[in-house]
Amino acid sequence: MSAAVAGPLLCEDDQGIPRSLPLLAALVEAEARLCAPTAATSRSADSGLVRAFRGAAAPKVPIHIFMERIHLLTRSVPATRGMVRIDGTAFVLAGIYLTRFVRSAAGREAGILVEPATAHRLVAVAVLLAAKFGGHPPSKWNWVFQDSSEGAICAGEMAGLEGRFLRAIDFRLSVDSAGFDSFCKVLERGPRAPSSSGGCASKKRQADAAAGEEDERRRVRACLPFPAVLSN
């Protein structure tokens, strides 16, 4: 990780909220708005993965407030004080994991989108995994997500959602310095203006095409003689 790139995002305000939190929230909220029309007309709700992350009810609290509550609750409640610390790094990792999930083969097959009905649960699991990978033991604070969502996300949901998320990304939680710095730049850049080329549906088609091309490149690589692979 480059201090020059990541440092500004990891700085905290007077409340102890790292700058990476509102930047990630802005990206998620923009994506949810963009994908809302597509999700409303899609048949992907038939997918078990989509149903799981939509849950029984979608939280009404805005994403940025939801994330702030998670962050502050894990610091202020006696049961978690000293045991859990979600810092700025965790929100960068959460964004990377969320991107991996949506672009994964399982995510693409299910047609899952970051949209108003799925966004909170996707963010909750991504933050949970980021905290775990960061060395924090969050097994006792699933209730934080329930309180932060005003009861819309049940604490008992989290274990199942975590398992689905992990399997979709093939348990890939490692992030190298280049990947971390690259996503920091994405956060700094912020949401992009919606294009006139079909919005979320067009983005999904482009992502599917890019992923298909990458899969094909990997298959070709696997068939090449070892020296030829090294030469690429």
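## A tour of salt bridges and aromatic pairs

Begin by selecting Glu 188 and Arg 19, whose side chains form a salt bridge in which the closest N and O atoms are 2.9 Å apart. Glu 188 sits in helix α10 (residues 177-189), while Arg 19 belongs to the loop between α1 (3-10) and α2 (20-41), so this pair ties together parts that are 169 residues apart in sequence. Keep in mind throughout that the model is predicted. If you colour by accessibility, Glu 188 comes out as partly exposed, with a relative accessible area of 37%, and Arg 19 is likewise partly exposed, at 36%.

Next, move to Glu 157 and Arg 121, whose side chains meet in a salt bridge with an N to O distance of 2.9 Å. Here Glu 157 lies in the loop between α8 (143-148) and α9 (158-168), and Arg 121 lies in helix α7 (residues 119-133), so the contact ties together parts that are 36 residues apart in sequence. Are these two residues, Glu 157 and Arg 121, buried or exposed? Both of them are buried.

Staying with helix α7, select Lys 132 together with Glu 162, a salt bridge in which the closest N and O atoms are 2.6 Å apart. Because Lys 132 lies in helix α7 and Glu 162 in helix α9, this pair ties together parts that are 30 residues apart in sequence. The two partners are placed in contrasting surroundings, since Lys 132 is partly exposed, with a relative accessible area of 36%, whereas Glu 162, at 13%, counts as buried. The structure holds five salt bridges by the rule applied here, among them the pairs Glu 188 with Arg 19, Glu 157 with Arg 121 and Lys 132 with Glu 162.

Now turn from charged side chains to rings. How many aromatic pairs does the structure hold? There are three. For one of them, select Phe 53 and Phe 101, which form a tilted pair with 5.3 Å from centre to centre and 55° between the planes. This pair links distant parts of the chain, with Phe 53 in helix α3 (residues 48-54) and Phe 101 in helix α5 (residues 88-103), 48 residues apart. Phe 53 is buried, with a relative accessible area of 0%, and Phe 101 is also buried, at 0%.

To finish, add Phe 165 to the selection and display the rings of Phe 53, Phe 101 and Phe 165, which ring pairs link into a cluster.

Terms used:
Residues numbered from 1 in each chain as written. Predicted model: local features only at pLDDT ≥ 70, side-chain atom pairs only at ≥ 80, totals over all residues. Heavy atoms only, no water. Salt bridge = Lys/Arg side-chain N within 4 Å of Asp/Glu carboxyl O. Helix = DSSP H or I, 4+ residues; strand = E, 2+ residues; numbered from the N terminus. Buried < 20%, exposed > 50% of the residue type's maximum accessible area, 1.4 Å probe, protein only. Phe/Tyr/Trp six-rings, centres within 6.5 Å; stacked < 30°, edge-to-face > 60°.
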